[in-house]
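Take a walk through this chain with me, one spot at a time. Keep the sequence and the model side by side as you read.

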Amino acid sequence: MRKINVAVLGASGWMGRVHTMAYQSFPHFFGTDGGTARVAALVERNPDAAAGLQALSPEARIYQDWREAVADPAIDLIDICLPDNLHYDVAKAALLSGKHVFCEKPLAETAAEARELADLARDKGLVTRVGHAFPRNPVHDLARDIIRSGEIGEITLFKGCQHVDMFGDPAAPFMWRADGKLAPTGIVGDTGSHVFSFMAFLVGRVSAVMADNIIVTPRRPVVEGASLGQGDGSVTAYADVTNPDATNMLCRFENGASGIVDFSRVATGRKFRQAYEIYGTKGSIAYDYDETNRLRFYSGADPAGRCGYREIDVGPEHSAYRAFLPLANFALGYNEMKIIEAAEVIRSVATGTPMWPTFDDGYHISQIVDACMRSSALKRWVEIDLA
Ligand SMILES: NC(=O)c1ccc[n+]([C@@H]2O[C@H](COP(=O)([O-])OP(=O)(O)OC[C@H]3O[C@@H](n4cnc5c(N)ncnc54)[C@H](O)[C@@H]3O)[C@@H](O)[C@H]2O)c1
(Lines give C-alpha, C1' and ligand atoms only; values in the text may rest on other atoms or scores of the structure.)
Protein backbone atom coordinates (compact mmCIF):
# COMPACT_ATOMS: atom_id res chain seq x y z
CA MET A 1 0.00 0.00 0.00
CA ARG A 2 1.53 3.28 -1.11
CA LYS A 3 0.92 6.51 0.75
CA ILE A 4 0.71 9.55 -1.54
CA ASN A 5 1.67 12.91 -0.05
CA VAL A 6 -0.76 15.50 -1.34
CA ALA A 7 -0.66 19.30 -1.31
CA VAL A 8 -4.09 20.93 -1.69
CA LEU A 9 -3.84 24.45 -3.16
CA GLY A 10 -6.66 26.90 -2.40
CA ALA A 11 -7.35 24.82 0.70
CA SER A 12 -9.92 27.09 2.39
CA GLY A 13 -12.10 27.45 -0.70
CA TRP A 14 -15.07 25.31 -1.65
CA MET A 15 -13.12 22.78 -3.68
CA GLY A 16 -10.08 22.90 -1.39
CA ARG A 17 -12.20 21.80 1.55
CA VAL A 18 -14.02 19.15 -0.49
CA HIS A 19 -10.79 17.67 -1.86
CA THR A 20 -9.16 17.63 1.58
CA MET A 21 -12.21 15.88 3.02
CA ALA A 22 -12.19 13.40 0.11
CA TYR A 23 -8.55 12.36 0.64
CA GLN A 24 -9.17 11.92 4.33
CA SER A 25 -12.40 9.95 3.76
CA PHE A 26 -11.99 7.67 0.77
CA PRO A 27 -10.21 4.73 2.51
CA HIS A 28 -13.31 4.28 4.70
CA PHE A 29 -15.24 3.34 1.56
CA PHE A 30 -12.69 2.08 -0.96
CA GLY A 31 -10.08 0.58 1.36
CA THR A 32 -6.35 1.05 1.14
CA ASP A 33 -5.33 -1.48 -1.56
CA GLY A 34 -5.19 1.29 -4.17
CA GLY A 35 -3.00 3.46 -1.92
CA THR A 36 -3.82 6.08 0.68
CA ALA A 37 -3.34 9.83 0.85
CA ARG A 38 -1.68 11.98 3.47
CA VAL A 39 -2.69 15.62 3.26
CA ALA A 40 0.90 16.79 3.72
CA ALA A 41 0.51 20.45 2.75
CA LEU A 42 -2.30 22.98 2.50
CA VAL A 43 -1.85 26.23 0.60
CA GLU A 44 -4.09 29.21 1.24
CA ARG A 45 -3.32 32.81 0.39
CA ASN A 46 -5.94 34.26 2.70
CA PRO A 47 -4.09 34.53 6.08
CA ASP A 48 -7.24 34.43 8.24
CA ALA A 49 -8.44 31.29 6.50
CA ALA A 50 -4.96 29.72 6.50
CA ALA A 51 -4.75 30.13 10.28
CA GLY A 52 -7.64 27.71 10.81
CA LEU A 53 -6.33 24.92 8.60
CA GLN A 54 -3.80 23.32 10.96
CA ALA A 55 -6.43 22.04 13.37
CA LEU A 56 -8.28 20.30 10.54
CA SER A 57 -5.19 18.62 9.09
CA PRO A 58 -2.64 18.36 11.91
CA GLU A 59 -0.08 16.55 9.72
CA ALA A 60 -0.06 19.26 7.05
CA ARG A 61 2.44 22.03 6.50
CA ILE A 62 0.56 25.29 5.91
CA TYR A 63 1.85 27.50 3.11
CA GLN A 64 0.54 30.79 1.74
CA ASP A 65 2.44 30.65 -1.56
CA TRP A 66 1.76 27.71 -3.92
CA ARG A 67 5.41 27.77 -5.02
CA GLU A 68 6.42 26.46 -1.59
CA ALA A 69 4.26 23.36 -2.07
CA VAL A 70 5.59 22.81 -5.59
CA ALA A 71 9.16 23.04 -4.26
CA ASP A 72 8.49 20.78 -1.25
CA PRO A 73 10.37 17.50 -1.92
CA ALA A 74 7.98 15.58 0.34
CA ILE A 75 5.00 16.22 -1.96
CA ASP A 76 4.01 13.61 -4.60
CA LEU A 77 0.76 15.13 -5.87
CA ILE A 78 -0.19 18.78 -6.38
CA ASP A 79 -3.96 19.28 -6.21
CA ILE A 80 -5.00 22.60 -7.75
CA CYS A 81 -8.22 24.10 -6.34
CA LEU A 82 -7.24 27.68 -7.21
CA PRO A 83 -9.11 30.18 -9.40
CA ASP A 84 -9.06 29.26 -13.09
CA ASN A 85 -6.41 31.78 -14.21
CA LEU A 86 -3.77 30.05 -12.03
CA HIS A 87 -4.33 26.50 -13.27
CA TYR A 88 -1.91 26.54 -16.20
CA ASP A 89 1.01 28.24 -14.40
CA VAL A 90 0.71 26.09 -11.31
CA ALA A 91 0.21 22.81 -13.21
CA LYS A 92 3.19 23.56 -15.44
CA ALA A 93 5.45 24.41 -12.49
CA ALA A 94 4.31 21.26 -10.66
CA LEU A 95 4.95 18.99 -13.66
CA LEU A 96 8.36 20.59 -14.24
CA SER A 97 9.29 19.79 -10.66
CA GLY A 98 8.25 16.17 -11.13
CA LYS A 99 4.93 16.19 -9.28
CA HIS A 100 1.79 14.35 -10.35
CA VAL A 101 -1.06 16.85 -10.83
CA PHE A 102 -4.79 16.82 -10.14
CA CYS A 103 -6.26 20.08 -11.47
CA GLU A 104 -9.77 21.34 -10.99
CA LYS A 105 -11.59 22.26 -14.18
CA PRO A 106 -11.08 24.08 -16.44
CA LEU A 107 -7.62 22.62 -17.04
CA ALA A 108 -6.29 25.77 -18.73
CA GLU A 109 -7.42 28.98 -20.38
CA THR A 110 -6.79 27.72 -23.91
CA ALA A 111 -6.51 24.39 -25.69
CA ALA A 112 -2.90 25.23 -26.60
CA GLU A 113 -2.05 25.49 -22.90
CA ALA A 114 -3.89 22.26 -22.15
CA ARG A 115 -1.99 20.50 -24.97
CA GLU A 116 1.31 21.76 -23.56
CA LEU A 117 0.44 20.45 -20.09
CA ALA A 118 -0.67 17.06 -21.42
CA ASP A 119 2.52 16.71 -23.49
CA LEU A 120 4.70 17.79 -20.57
CA ALA A 121 3.07 15.22 -18.28
CA ARG A 122 3.64 12.47 -20.86
CA ASP A 123 7.30 13.48 -21.36
CA LYS A 124 7.84 13.40 -17.61
CA GLY A 125 5.92 10.16 -17.08
CA LEU A 126 3.59 11.81 -14.56
CA VAL A 127 -0.02 11.02 -13.73
CA THR A 128 -2.64 13.72 -14.34
CA ARG A 129 -6.31 14.21 -13.70
CA VAL A 130 -8.88 16.96 -14.31
CA GLY A 131 -11.66 17.56 -11.76
CA HIS A 132 -14.65 16.48 -13.83
CA ALA A 133 -16.24 14.52 -11.01
CA PHE A 134 -19.86 14.57 -12.15
CA PRO A 135 -19.53 11.70 -14.66
CA ARG A 136 -17.98 9.58 -11.90
CA ASN A 137 -21.41 9.17 -10.30
CA PRO A 138 -21.98 5.43 -10.94
CA VAL A 139 -25.28 6.27 -12.67
CA HIS A 140 -23.19 7.50 -15.61
CA ASP A 141 -21.18 4.27 -15.70
CA LEU A 142 -24.57 2.59 -16.14
CA ALA A 143 -25.41 5.04 -18.95
CA ARG A 144 -22.09 4.29 -20.64
CA ASP A 145 -22.58 0.52 -20.24
CA ILE A 146 -25.98 0.79 -21.93
CA ILE A 147 -24.49 2.86 -24.77
CA ARG A 148 -21.50 0.52 -25.22
CA SER A 149 -23.71 -2.57 -25.21
CA GLY A 150 -25.47 -1.16 -28.29
CA GLU A 151 -28.88 -1.17 -26.57
CA ILE A 152 -29.73 2.32 -27.82
CA GLY A 153 -28.06 1.73 -31.20
CA GLU A 154 -26.12 4.48 -32.97
CA ILE A 155 -26.29 7.78 -31.08
CA THR A 156 -28.03 10.45 -33.13
CA LEU A 157 -28.53 13.32 -30.68
CA PHE A 158 -27.12 14.55 -27.36
CA LYS A 159 -29.13 17.21 -25.56
CA GLY A 160 -27.50 18.62 -22.43
CA CYS A 161 -27.68 21.54 -20.07
CA GLN A 162 -26.31 22.90 -16.84
CA HIS A 163 -28.06 25.82 -15.18
CA VAL A 164 -27.44 27.75 -11.98
CA ASP A 165 -28.70 31.12 -10.80
CA MET A 166 -25.69 32.34 -8.81
CA PHE A 167 -25.77 35.47 -11.00
CA GLY A 168 -29.51 35.43 -11.79
CA ASP A 169 -30.08 38.49 -9.61
CA PRO A 170 -28.48 41.54 -11.28
CA ALA A 171 -27.56 42.72 -7.75
CA ALA A 172 -25.55 39.54 -6.99
CA PRO A 173 -22.00 40.65 -6.16
CA PHE A 174 -19.16 40.64 -8.63
CA MET A 175 -16.59 37.88 -8.00
CA TRP A 176 -13.66 36.26 -9.83
CA ARG A 177 -15.98 33.99 -11.80
CA ALA A 178 -17.30 37.07 -13.68
CA ASP A 179 -13.86 38.56 -14.29
CA GLY A 180 -12.44 37.81 -17.74
CA LYS A 181 -8.89 38.22 -16.39
CA LEU A 182 -9.33 35.60 -13.66
CA ALA A 183 -11.76 33.34 -15.56
CA PRO A 184 -11.28 34.19 -19.25
CA THR A 185 -13.91 31.80 -20.62
CA GLY A 186 -16.55 32.49 -17.95
CA ILE A 187 -19.50 30.11 -17.99
CA VAL A 188 -17.98 28.16 -20.90
CA GLY A 189 -14.93 26.88 -19.00
CA ASP A 190 -16.72 26.93 -15.66
CA THR A 191 -20.01 25.15 -16.35
CA GLY A 192 -19.87 24.32 -20.05
CA SER A 193 -16.83 22.16 -19.38
CA HIS A 194 -18.98 19.94 -17.14
CA VAL A 195 -21.47 19.37 -19.95
CA PHE A 196 -18.57 18.78 -22.33
CA SER A 197 -17.19 16.17 -19.93
CA PHE A 198 -20.48 14.25 -20.20
CA MET A 199 -20.34 14.54 -24.00
CA ALA A 200 -16.78 13.15 -24.05
CA PHE A 201 -17.56 10.42 -21.50
CA LEU A 202 -20.77 9.19 -23.10
CA VAL A 203 -20.81 10.13 -26.78
CA GLY A 204 -17.29 10.84 -28.08
CA ARG A 205 -15.18 13.65 -29.45
CA VAL A 206 -16.74 16.84 -30.81
CA SER A 207 -15.73 17.88 -34.32
CA ALA A 208 -17.54 21.21 -34.82
CA VAL A 209 -19.29 23.86 -32.74
CA MET A 210 -21.67 26.76 -33.31
CA ALA A 211 -22.09 28.81 -30.15
CA ASP A 212 -23.66 32.04 -28.97
CA ASN A 213 -22.10 33.40 -25.74
CA ILE A 214 -24.16 36.01 -23.91
CA ILE A 215 -23.40 38.53 -21.17
CA VAL A 216 -26.79 39.08 -19.54
CA THR A 217 -25.76 41.52 -16.78
CA PRO A 218 -22.89 43.72 -17.99
CA ARG A 219 -22.07 45.32 -14.59
CA ARG A 220 -22.22 43.97 -11.05
CA PRO A 221 -21.79 45.57 -7.61
CA VAL A 222 -18.48 44.99 -5.86
CA VAL A 223 -19.13 43.88 -2.27
CA GLU A 224 -16.07 43.61 -0.04
CA GLY A 225 -15.46 40.03 1.05
CA ALA A 226 -18.29 38.65 -1.06
CA SER A 227 -17.97 35.04 -2.15
CA LEU A 228 -21.08 33.03 -2.96
CA GLY A 229 -23.39 34.89 -0.60
CA GLN A 230 -20.86 36.06 2.00
CA GLY A 231 -19.89 39.67 2.75
CA ASP A 232 -21.57 42.42 4.73
CA GLY A 233 -23.57 43.72 1.78
CA SER A 234 -21.89 47.13 1.45
CA VAL A 235 -21.38 48.05 -2.21
CA THR A 236 -18.01 49.75 -2.78
CA ALA A 237 -18.04 50.06 -6.59
CA TYR A 238 -19.32 48.46 -9.79
CA ALA A 239 -17.29 46.17 -12.03
CA ASP A 240 -17.76 45.11 -15.65
CA VAL A 241 -18.65 41.48 -16.31
CA THR A 242 -16.07 40.50 -18.92
CA ASN A 243 -16.87 36.87 -19.64
CA PRO A 244 -20.03 35.03 -20.76
CA ASP A 245 -22.99 34.46 -18.40
CA ALA A 246 -24.73 31.95 -20.68
CA THR A 247 -24.22 30.00 -23.88
CA ASN A 248 -26.49 28.33 -26.43
CA MET A 249 -24.63 25.86 -28.60
CA LEU A 250 -25.01 23.37 -31.42
CA CYS A 251 -22.35 20.76 -32.12
CA ARG A 252 -21.38 17.80 -34.27
CA PHE A 253 -19.61 14.73 -32.97
CA GLU A 254 -16.88 12.79 -34.74
CA ASN A 255 -19.18 9.74 -34.84
CA GLY A 256 -21.91 11.62 -36.71
CA ALA A 257 -24.15 12.43 -33.75
CA SER A 258 -25.32 16.01 -33.26
CA GLY A 259 -25.71 18.03 -30.08
CA ILE A 260 -27.86 20.79 -28.58
CA VAL A 261 -26.35 22.22 -25.42
CA ASP A 262 -26.92 25.21 -23.20
CA PHE A 263 -25.46 26.37 -19.90
CA SER A 264 -26.07 29.41 -17.76
CA ARG A 265 -25.24 31.05 -14.43
CA VAL A 266 -28.20 33.43 -14.76
CA ALA A 267 -31.00 30.82 -14.93
CA THR A 268 -33.11 32.48 -12.24
CA GLY A 269 -34.71 29.90 -10.00
CA ARG A 270 -32.49 27.00 -11.06
CA LYS A 271 -30.23 26.43 -8.08
CA PHE A 272 -28.45 23.63 -9.88
CA ARG A 273 -29.84 21.84 -12.90
CA GLN A 274 -27.82 19.36 -14.88
CA ALA A 275 -29.49 17.08 -17.37
CA TYR A 276 -28.92 15.15 -20.57
CA GLU A 277 -30.92 13.10 -23.05
CA ILE A 278 -29.18 10.78 -25.49
CA TYR A 279 -31.17 9.47 -28.43
CA GLY A 280 -30.10 6.50 -30.49
CA THR A 281 -31.47 4.46 -33.37
CA LYS A 282 -32.79 1.74 -31.01
CA GLY A 283 -33.50 3.56 -27.76
CA SER A 284 -32.61 6.46 -25.54
CA ILE A 285 -31.46 7.42 -22.06
CA ALA A 286 -32.20 10.46 -19.96
CA TYR A 287 -30.67 11.83 -16.76
CA ASP A 288 -31.57 14.70 -14.46
CA TYR A 289 -29.46 15.66 -11.43
CA ASP A 290 -32.67 16.31 -9.47
CA GLU A 291 -32.90 12.50 -9.30
CA THR A 292 -29.20 12.10 -8.90
CA ASN A 293 -28.89 8.31 -8.99
CA ARG A 294 -31.68 7.58 -11.49
CA LEU A 295 -31.38 6.86 -15.20
CA ARG A 296 -34.33 6.68 -17.58
CA PHE A 297 -33.92 4.10 -20.32
CA TYR A 298 -36.16 3.52 -23.32
CA SER A 299 -35.60 0.40 -25.37
CA GLY A 300 -37.18 0.02 -28.79
CA ALA A 301 -36.69 -3.74 -28.30
CA ASP A 302 -39.48 -3.89 -25.71
CA PRO A 303 -42.69 -5.52 -26.99
CA ALA A 304 -45.13 -3.32 -28.90
CA GLY A 305 -47.60 -1.82 -26.46
CA ARG A 306 -45.12 -2.19 -23.59
CA CYS A 307 -42.53 0.39 -24.72
CA GLY A 308 -41.83 3.28 -22.37
CA TYR A 309 -39.12 4.80 -20.22
CA ARG A 310 -38.08 2.65 -17.30
CA GLU A 311 -36.53 4.29 -14.25
CA ILE A 312 -33.37 2.58 -13.03
CA ASP A 313 -31.96 3.59 -9.66
CA VAL A 314 -28.31 2.64 -9.43
CA GLY A 315 -27.76 0.50 -6.40
CA PRO A 316 -25.27 -1.87 -4.82
CA GLU A 317 -24.92 -3.85 -8.08
CA HIS A 318 -22.51 -1.03 -9.01
CA SER A 319 -19.28 -1.23 -7.04
CA ALA A 320 -18.78 2.52 -6.54
CA TYR A 321 -22.32 2.76 -5.15
CA ARG A 322 -21.91 -0.36 -3.02
CA ALA A 323 -18.78 1.16 -1.49
CA PHE A 324 -21.02 3.70 0.26
CA LEU A 325 -24.45 2.14 0.61
CA PRO A 326 -25.92 -1.37 0.75
CA LEU A 327 -29.38 -0.32 -0.52
CA ALA A 328 -30.52 1.42 -3.71
CA ASN A 329 -32.01 4.93 -3.75
CA PHE A 330 -30.38 6.09 -0.51
CA ALA A 331 -28.57 8.32 -3.02
CA LEU A 332 -25.00 9.40 -3.53
CA GLY A 333 -24.52 13.16 -3.67
CA TYR A 334 -21.91 15.59 -4.91
CA ASN A 335 -19.41 14.99 -2.11
CA GLU A 336 -19.51 11.22 -2.66
CA MET A 337 -18.59 11.81 -6.32
CA LYS A 338 -15.59 13.79 -5.12
CA ILE A 339 -14.68 10.92 -2.76
CA ILE A 340 -14.90 8.46 -5.69
CA GLU A 341 -12.71 10.87 -7.66
CA ALA A 342 -10.12 11.14 -4.86
CA ALA A 343 -9.94 7.34 -4.58
CA GLU A 344 -9.36 7.12 -8.35
CA VAL A 345 -6.75 9.89 -8.30
CA ILE A 346 -4.76 8.17 -5.56
CA ARG A 347 -5.06 4.74 -7.19
CA SER A 348 -3.96 6.30 -10.45
CA VAL A 349 -0.87 7.89 -8.88
CA ALA A 350 -0.05 4.89 -6.67
CA THR A 351 -0.22 2.44 -9.59
CA GLY A 352 0.95 4.79 -12.37
CA THR A 353 -2.27 4.04 -14.28
CA PRO A 354 -3.96 6.91 -16.15
CA MET A 355 -7.69 7.15 -15.39
CA TRP A 356 -10.29 9.31 -17.17
CA PRO A 357 -10.20 12.31 -17.34
CA THR A 358 -6.45 12.79 -17.74
CA PHE A 359 -4.89 15.99 -19.11
CA ASP A 360 -5.20 14.43 -22.59
CA ASP A 361 -8.96 14.15 -22.03
CA GLY A 362 -8.92 17.66 -20.54
CA TYR A 363 -7.25 18.86 -23.72
CA HIS A 364 -10.22 17.81 -25.85
CA ILE A 365 -12.63 19.50 -23.42
CA SER A 366 -10.44 22.62 -23.70
CA GLN A 367 -10.70 22.34 -27.48
CA ILE A 368 -14.50 22.47 -27.19
CA VAL A 369 -14.24 25.49 -24.86
CA ASP A 370 -11.91 27.20 -27.36
CA ALA A 371 -14.21 26.41 -30.27
CA CYS A 372 -17.17 27.76 -28.33
CA MET A 373 -15.36 31.06 -27.64
CA ARG A 374 -14.16 31.39 -31.24
CA SER A 375 -17.50 30.45 -32.77
CA SER A 376 -19.34 33.04 -30.71
CA ALA A 377 -16.78 35.73 -31.54
CA LEU A 378 -16.80 34.86 -35.26
CA LYS A 379 -20.57 34.16 -35.37
CA ARG A 380 -20.08 30.95 -37.37
CA TRP A 381 -19.40 27.19 -37.09
CA VAL A 382 -15.86 26.34 -35.95
CA GLU A 383 -14.21 22.98 -36.74
CA ILE A 384 -12.11 21.20 -34.10
CA ASP A 385 -8.81 19.63 -35.17
CA LEU A 386 -9.04 15.99 -34.03
CA ALA A 387 -5.73 14.87 -35.54
N1 LIG B 1 -15.43 20.18 -10.20
C2 LIG B 1 -16.39 20.94 -9.69
O3 LIG B 1 -17.55 20.52 -9.57
C4 LIG B 1 -16.05 22.34 -9.26
C5 LIG B 1 -16.95 23.06 -8.45
C6 LIG B 1 -16.57 24.35 -8.04
C7 LIG B 1 -15.37 24.90 -8.43
N8 LIG B 1 -14.55 24.17 -9.25
C9 LIG B 1 -13.26 24.74 -9.67
O10 LIG B 1 -12.40 24.72 -8.54
C11 LIG B 1 -11.57 25.88 -8.55
C12 LIG B 1 -11.76 26.63 -7.24
O13 LIG B 1 -13.11 27.03 -7.15
P14 LIG B 1 -13.79 27.31 -5.72
O15 LIG B 1 -15.25 27.42 -5.99
O16 LIG B 1 -13.31 26.33 -4.72
O17 LIG B 1 -13.20 28.75 -5.43
P18 LIG B 1 -13.11 29.49 -4.02
O19 LIG B 1 -13.06 30.94 -4.33
O20 LIG B 1 -14.13 28.97 -3.06
O21 LIG B 1 -11.69 29.00 -3.45
C22 LIG B 1 -10.46 29.41 -4.01
C23 LIG B 1 -9.46 29.45 -2.86
O24 LIG B 1 -8.17 29.72 -3.40
C25 LIG B 1 -7.54 30.71 -2.58
N26 LIG B 1 -6.55 31.38 -3.42
C27 LIG B 1 -6.78 32.27 -4.44
N28 LIG B 1 -5.61 32.63 -5.00
C29 LIG B 1 -4.63 31.96 -4.32
C30 LIG B 1 -3.21 31.92 -4.46
N31 LIG B 1 -2.57 32.62 -5.38
N32 LIG B 1 -2.52 31.12 -3.62
C33 LIG B 1 -3.16 30.39 -2.66
N34 LIG B 1 -4.51 30.41 -2.48
C35 LIG B 1 -5.22 31.18 -3.31
C36 LIG B 1 -8.67 31.61 -2.12
O37 LIG B 1 -8.33 32.36 -0.97
C38 LIG B 1 -9.77 30.56 -1.85
O39 LIG B 1 -9.67 30.04 -0.53
C40 LIG B 1 -11.98 26.71 -9.77
O41 LIG B 1 -11.09 26.47 -10.81
C42 LIG B 1 -13.36 26.18 -10.12
O43 LIG B 1 -13.64 26.26 -11.51
C44 LIG B 1 -14.85 22.92 -9.65
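Trp-356 is partly exposed, because it has 16 other C-beta atoms within 10 Å. The scale works like this: 20 or more other C-beta atoms within 10 Å of a residue's own makes it buried, 12 or fewer makes it exposed, and anything in between is partly exposed, with C-beta atoms placed from the backbone. You'll find Trp-356 in the loop between helix H11 (334-351) and H12. Helices (H or I, at least four residues) and strands (E, at least two) are DSSP runs, numbered from the N terminus. Although 220 residues separate Trp-356 and Arg-136 along the chain, their C-alpha atoms are 9.3 Å apart.

Two notes on reading all this: residues are numbered from 1 along each chain as its sequence is written. The model is predicted, so local features need pLDDT of at least 70 and side-chain atom pairs count only at pLDDT 80 or more, while totals for chains, interfaces and linings use all residues.

On one side of that loop, helix H11 holds Ala-350. Ala-350 is buried, with 22 other C-beta atoms within 10 Å. Setting aside residues up to four places away in sequence, Ala-350 touches Arg-2, Ile-4, Gly-34 and Gly-35; a contact here means C-beta atoms, placed from the backbone, within 7 Å. One of those partners, Gly-35, is 315 residues from Ala-350 along the chain, with 5.8 Å between the C-alpha atoms.

On the other side comes helix H12 (residues 359-378). Its 20 residues reach 28 Å from the first C-alpha to the last, close to the 28 Å expected at 1.5 Å a residue; the expected span is 1.5 Å times one less than the number of residues. Since 16 of the 20 residues of H12 are buried, the helix is largely enclosed by the rest of the structure. Just after H12, Lys-379 has a positive phi of about 60 degrees.

Now for helix H8 (residues 138-148), where His-140 sits. His-140 counts as buried, because it has 21 C-beta neighbours inside 10 Å. Leaving out neighbours within four places in sequence, His-140 is in contact with Pro-135, Phe-201 and Leu-202. Tyr-321 is 181 residues away from His-140 along the chain, and their C-alpha atoms are 12 Å apart. The buried residues of H8 are Pro-138, Val-139, His-140, Leu-142, Ala-143, Ile-146 and Ile-147. What do they pack against? The list is strand E7 (155-163), helix H9 (187-202), E14, E15, E16 and helix H10 (319-322). Just after H8, Gly-150 takes a positive phi of about 85 degrees.

Several of those strands belong to an open sheet of 9 strands, with mixed pairing, in the order E16-E15-E14-E13-E7-E12-E11-E8-E17. Two strands pair if DSSP finds at least two bridges between them. At the edges are strand E16 (310-313) and strand E17 (382-383), each pairing on one side only. Within E14 and E15, Gly-283 stands opposite Ser-299. Another pairing involves strand E10 (residues 235-240), where Val-235 is the bridge partner of Val-223. Is E10 enclosed or in the open? The number of buried residues among its 6 is 0, so E10 lies largely in the open.

Here are two strand pairs, laid out together.

| Strand pair | Sense | Bridges |
|---|---|---|
| E9 (residues 219-223) and E10 | antiparallel | 5 bridges |
| E14 (residues 283-288) and E15 (residues 294-299) | antiparallel | 5 bridges |

Stepping back, the domain assignment gives domain 1 (3-134) and domain 2 (135-330 + 364-378); such bounds come from an automatic or database assignment. Taken over C-alpha atoms, the domain centres are 24 Å apart. Where they meet, 16 residues of domain 1 are in contact with 20 residues of domain 2. On the domain 1 side, helix H2 (27-30) and helix H7 (111-124) each supply at least two residues. That side divides into 10 nonpolar, 3 polar and 3 charged residues, where Ala, Val, Leu, Ile, Met, Phe, Trp, Tyr, Cys and Pro count as nonpolar, Asp, Glu, Lys and Arg as charged, and the others, Gly among them, as polar.

Last stop: the ligand. The shell around it has 24 residues, and the closest are Gly-10, Gly-13, Met-15, Arg-45 and Glu-104; a residue qualifies if its C-beta atom, placed from the backbone, lies within 6 Å. Helix H1 (residues 14-25) supplies the largest share of the shell, 3 residues. By type, the shell has 11 nonpolar, 7 polar and 6 charged residues.

Conventions. Two residues are in contact if their C-beta atoms, placed from the backbone, lie within 7 Å.
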